[in-house]
Amino acid sequence: MSALSALPQDLPPLLWSGLVSGCLYGLGALGLVMVFKSSKVVNFAHGNLAGLAAFLVYGFSSGVLLNLSWGSAVALALGLTAIIGVLGYAVIAPLVFKSDLTSTIATLGIGLILQGTIQIVFGAEIVSLELPIPSFGFGLGSLRITAYDLTVLAVTALMIGGLFFVIERTRLGIAFRAVCSNPFASRVCGLNLRLVHLFSWVSGAVLGLVAALLIVPTTFLSSTTVASFMLTAFTAAVVGGFSSLPGAAVGGIVVGIAMNLFSFYVSPEFMNTFLLGVIMLTLNFFPDGLLEKAAGGRV
Amino acid sequence: MDSSRKQQVAVSELVHPKGAIRSPARPLPELRNLRTWASLLVVAVLAVLPALSGSFLLYSLSLCFANALAVLSVSVLVRYGGEVSIGHSFFVALGAYSVAILEKHFGLGLWISLPAALALGFVAGLLFAIPSRRMSGIYLAVASMALALCLPELLIHMERWTGGFEGLYISRDLVPGVSKAGQRYYLALAALVLVCLALAHFRGSRQGMALLLARAHPRAAEAFGITRSWARISIFALSATLASLSGAVLAFASSTVSPNSFTLWSGIFYLVGSVIGLQGTSLIAALIGGGVITLIPQYLASAGDYVPILYGAALLIVTLVANSGSGLRRFLPGKAA
């Protein structure tokens, strides 16, 4: 009863912080969905690569590897992450057209290698990685909005806006959509499938890096936080239908809010079990994702 | 002359289409005989080994056998279902913890807890496979990742039953009066050999053929009344039962269960073992897979951080070689089905 009467007090902050973290899950899920749509591979190395990228930023800016400013550390890590993304695709390139499952297994191999690299270079230590943003905040009713929240929303809007601009307005984006809807016909028309695949893998890696950088200040960075982030991104992708880009973004927000409500009202300890439940229920009742009817077939 | 030979080839391709079901007599009869003899030899050597060797080797071999069973369960799923699971650690843990919990809280021995573990594994596999029955295999892979990740938190927070972080011990003997190491070893070996025999029989049985048909030619199978979703659910339930058996054997052989042995990584490692054994369901393939995932962490304990890299590289290399053109594939044993 008391929970019910406190609802107007509790709910807005829960929804708000769910929205903020949900944006980041959405970014993670977008990378997965782009790779899956174009090359039909479920990239299990996605989370490991994002984790390695965040660790690289930490290593370059903290003096473990180099002693750079935050901005140049991010730029360097971004370049390296893109290169690793390309390398990862190059390794499994011979498998991509053979079977979805074989190439999916191969991405697990890449993920294991990346995970091992994190453990060897950075050890099992738990580090914190802050964003260089001023710490201010203001209240709005029972809400407290911080600079971090606004940064996350702005960056997400920028990333998604940029991505959709590329996909909707540029030649590369048209090629991407063509390959997603019919790889064979696009090949007949002379499109370079590998180039489109590379575009999606590199964008996925960059999206993963951005999401990881933004999510780390709310938790810590360790080689295990990555796995749970990856699971959340996967759940968001499943909720969104796994082959719909708007679905992934919306799925991320839905999952973020649902997780917040679950951890506040039920239990914070069984988060992964909750995500399992969400995945199973979605697969059973909305096999094509929540946006199945709303979004139609495009993008 | 030449063209008539080509025609013959074409006709034989029709009878035995590539990648489709073939009769149990696989590539060459001589090769098959050779394999049978090799398996018999391996079993004979393993059966007399306890008389010759120390107890640590027996202990790690028992763990190998238990892990080989888990690897088999993954291979069965890939072979017959064309599906990948990285969450089989859940079903292994289910089997292991049912043995431990039935002993701790109800005082029941393996004679009762082993069948109970099998039944639980079957039901859990059934329940897990139902939501994704109509979807492509990748959804099952994603869901299985969630399954593996939720396991540790369930085990840790249901402390009253599972013993939390510390886990539980298993001390009851299967046969009182026989040496502990001996009965652990022979139970694991017997379970592995029996499962391999059963799988060899299953391969040629009506049910096995039906599942293979459902995988290779879903529409033809449907014409025979075998729906794809039925095939997928049943093969997953079978595989989960095997995994649960592996867990029960693992718990008995190692005499302890704890959440540490059932993480997402163990689920991935079972898949690594299965891929390294070329997803074979024979005794030798299972032993290779189980051996690799058991012995490498044990003997490379000092280089623990390199194990993921090693496994990842092995996974990539084996998958790439097995799927490369005919040039390299010649060196691999026949890959039917």
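**Cavities, interface and a lone salt bridge**

In this predicted model, the search turns up 5 cavities of 30 Å³ or more. The idea behind such a search is simple: rolling a probe the size of a water molecule over the atoms shows where empty space is left. The two at the top of the size ranking are described in turn.

The largest cavity holds about 120 Å³. Its lining is made up of 15 residues, and those nearest the centre are A:Asn43, A:Ala45, A:Leu49, A:Gly85 and A:Trp201. Several helices of chain A share the job of walling it in: H2 (7-39), H3 (46-62), H4 (70-96), H5 (100-122) and H9 (193-215) each put at least two residues into the lining. H4(A) gives the largest share, with 4 residues. As for chemistry, 9 of the lining residues are nonpolar and 6 are polar, while no charged residue takes part.

Next comes the second largest cavity, with about 90 Å³ of space. Here 13 residues form the lining, and both chains show up among those closest to the centre: A:Phe44, A:Asn48 and A:Met230 from chain A, plus B:Trp265 and B:Ile268 from chain B. Two or more lining residues come from each of H5 and H10 (225-239) of chain A and from H12 (264-276) of chain B. H5(A) provides the largest share of this lining, 4 residues. The class breakdown runs to 10 nonpolar and 3 polar residues, again with no charged ones.

Chain A also carries some annotation. An unreviewed UniProt entry lists residues 14-36, 48-68, 74-97, 104-127, 147-167 and 195-215 of chain A under "transmembrane region". Two of these spans can be set against the model. Residues 147-167 of chain A are 100% helix and 0% strand, with the end C-alpha atoms 30 Å apart. For residues 104-127 of chain A, the end C-alpha atoms likewise lie 30 Å apart, but the helix content is 79%, with 0% strand.

How do the two chains meet, and how many residues are in contact? On the chain A side there are 43, and they are in contact with 45 residues of chain B. The size of an interface is often given as the accessible area lost when the parts come together. For chain A and chain B, that buried area is about 3,800 Å², with 81% of it on carbon and sulfur atoms. Salt bridges across this interface number 0.

Over all chains, in fact, the whole structure yields 1 salt bridge. B:Glu83 pairs with B:Arg232, and the closest N and O atoms are 3.2 Å apart. B:Glu83 sits in the loop between H3 (55-81) and H4 (88-106) of chain B, whereas B:Arg232 belongs to H11 (residues 228-254) of chain B, so the pair ties together parts that are 149 residues apart in sequence.

Finally, a look at one residue elsewhere in chain B. B:Val318 is part of helix H14 (residues 307-323) of chain B. Leaving aside residues up to four places away in sequence, B:Val318 touches B:Val275, B:Ile276 and B:Leu278. B:Leu46 is 272 residues from B:Val318 in sequence, and their C-alpha atoms are 27 Å apart in space.

Notes: Residues are numbered from 1 along each chain as its sequence is written. Chains are lettered from A and ligands numbered from 1 in the order in which they are written. This is a predicted model: local features need pLDDT of at least 70, side-chain atom pairs count only at pLDDT 80 or more; totals for chains, interfaces and linings use all residues. Side-chain values use heavy atoms; hydrogens and water are left out. On a 1 Å grid over the protein atoms alone, a cavity is a set of points where a 1.4 Å probe fits but cannot get out, and a pocket is an open set with protein on both sides within 12 Å along at least five of seven lines; lining residues have an atom within 4 Å of a point. Grid points are joined across faces, edges and corners, and a volume is the space filled by probe spheres set on the points. Ala, Val, Leu, Ile, Met, Phe, Trp, Tyr, Cys and Pro count as nonpolar, Asp, Glu, Lys and Arg as charged, and the others, Gly among them, as polar. UniProt positions are given in the numbering used here, feature names are shortened, and annotations may be inferred rather than shown by experiment. Contact means heavy atoms within 4.5 Å. Buried area is the accessible area (1.4 Å probe) that two parts lose on being put together, summed over both. A salt bridge is a side-chain nitrogen of Lys or Arg within 4 Å of a carboxyl oxygen of Asp or Glu.
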